[in-house]
Amino acid sequence: MRILSGIRPTGRVHIGHYVGVFENWLKLQDEGNDTFYFVADWHALTTHYEDTSEIKEFTKDLVKVLMAVGLDKSTLFVQSAVKEHAELMLIFSMITPLSWLERVPTYKEMRQQITNRDLSNAGFLMYPVLQAADILIYKADGVPVGEDQVYHIELTREIARRFNYIFKKEVFPEPKELLSKVPKLLGTDGRKMSKSYGNTIPLITTESELSKMVLPMVTDPARKRRTDPGNPENCPVWDYHKAFGTADNPEETRWVFEGCTQAKIGCVDCKKLLLKHMVEKLNPIWDKYNSIADEDVEKTINDGNEKARKIAQKTMEEVKDAVKIMF
């Protein structure tokens, strides 16, 4: 099965990306699928066009991180290096009704929630069309996404069906969304993890820096004092325990629950156990990241771009034949 997904290079990768995205990508890769993962730098322009100074640096660093977490068996590439994405988006834009785009839930939500950026550009409205081109240019069978992106995949299927119907040729398959249940990690202050809140934990850091971010984390509000009992299910830290292995160990789970609900342990004791598990899991990633040379990143990008480009060019030949465009 061919799998495709992407991530925007709008900042440094954080723990939420690893738990919510990369671990699922690894699972799909290791199951023997034909996995394609790309850096969506054109998508970054939809919200960050006013300052593009760091996009290139973030793009290279993102590929390096993907290599470090173990995704080097997948095809890793950069969206803007494969011009066929834009070519197919242009053709799709001719057949996609404007009303389809205006009803996209995330379009309305982001317009309301992101008030510090100008989102009145046509590119932001066309985001789902470019996303459809990203997926369909590789004829992907499955797309790992979060629940907020399910509508985008349905729209991609609608665009594929409309293209095949209008041009009377079955060029595109209908991809399926691949949802996975993962722990949702809040930021260090208990709010949604977001760079704009300054509450993220970088994936690439050091044990010392990680400790400085984890130990002061917000916990169950019921535990104002060490002697106050709490409930791990009401504590953001317990979701981190689920993500990093404590919840898989019955003895440690019992220690956390009894210690918290009966006020036998303090929140710092609980976080120190979490920190131990996080370091065990992240250390190999840090070591590999630090061992990857710049030329290795460049080679991975160039090789991935070339492989992706060949597939995209072949698909565009079919598209042009269907649309009856010569060049």
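This passage walks through a few strands, one helix, a pocket and a cavity in a predicted model.

Let's start with the strands. Strand 1 covers residues 2–7, and 6 bridges tie it to strand 2, with the two running parallel. One spot to look for in this pairing is Ile7, which sits opposite Val39 of strand 2. Between these two strands comes helix 1 (residues 15–30), and strand 1, helix 1 and strand 2 together form a β-α-β unit that is right-handed. Strand 2 also has a partner in strand 3 (residues 75–78), again in the parallel sense, this time over 4 bridges. Here Tyr37 is the residue facing Leu76 of strand 3. So how much of strand 2 is covered? Of the 6 residues in strand 2 (residues 34–39), 5 are buried, so this strand is mostly covered.

Next up is helix 9, which takes in residues 150–166. What span should its 17 residues have? At 1.5 Å a residue the answer is 24 Å, and the C-alpha atoms at its ends lie 25 Å apart, so the two values agree. Quite a list of residues in this helix is buried: His152, Ile153, Leu155, Thr156, Arg157, Glu158, Ile159, Ala160, Phe163 and Asn164. That list holds charged names too, including Arg157 and Glu158. Just past the end of helix 9, Lys168 adopts a positive phi of about 55 degrees.

Now for the open spaces. The second largest pocket has a volume of about 200 Å³. Its lining is made up of 14 residues, and those nearest the centre are Asp41, Lys56, Thr59, Val78 and Ser80. Three helices each give at least two residues to this lining: helix 2 (41–48), helix 3 (55–68) and helix 14 (294–323). Sorted by class, the lining of this pocket has 6 nonpolar, 4 polar and 4 charged residues.

What about enclosed space? Searching the whole structure turns up 1 cavity of 30 Å³ or more. The volume of the largest cavity is about 130 Å³. It is lined by 15 residues, and Arg223, Cys235, Cys260, Cys267 and Cys270 are the closest to its centre. Helix 11 (236–244), helix 12 (250–261) and helix 13 (267–291) are the elements that each provide two or more of the lining residues. By class, the lining of the largest cavity comes out at 9 nonpolar, 3 polar and 3 charged residues.

Notes: Residues numbered from 1 in each chain as written. Predicted model: local features only at pLDDT ≥ 70, side-chain atom pairs only at ≥ 80, totals over all residues. Heavy atoms only, no water. Expected span 1.5 Å × (residues − 1). Buried < 20%, exposed > 50% of the residue type's maximum accessible area, 1.4 Å probe, protein only. 1 Å grid on protein atoms, 1.4 Å probe; cavity = no way out; pocket = protein on both sides within 12 Å on 5 of 7 lines; lining within 4 Å. Points joined across faces, edges and corners; volume = space filled by probe spheres on them. Pairing = 2+ DSSP bridges. Right-handed = clockwise from strand over helix to strand, strands pointing away.
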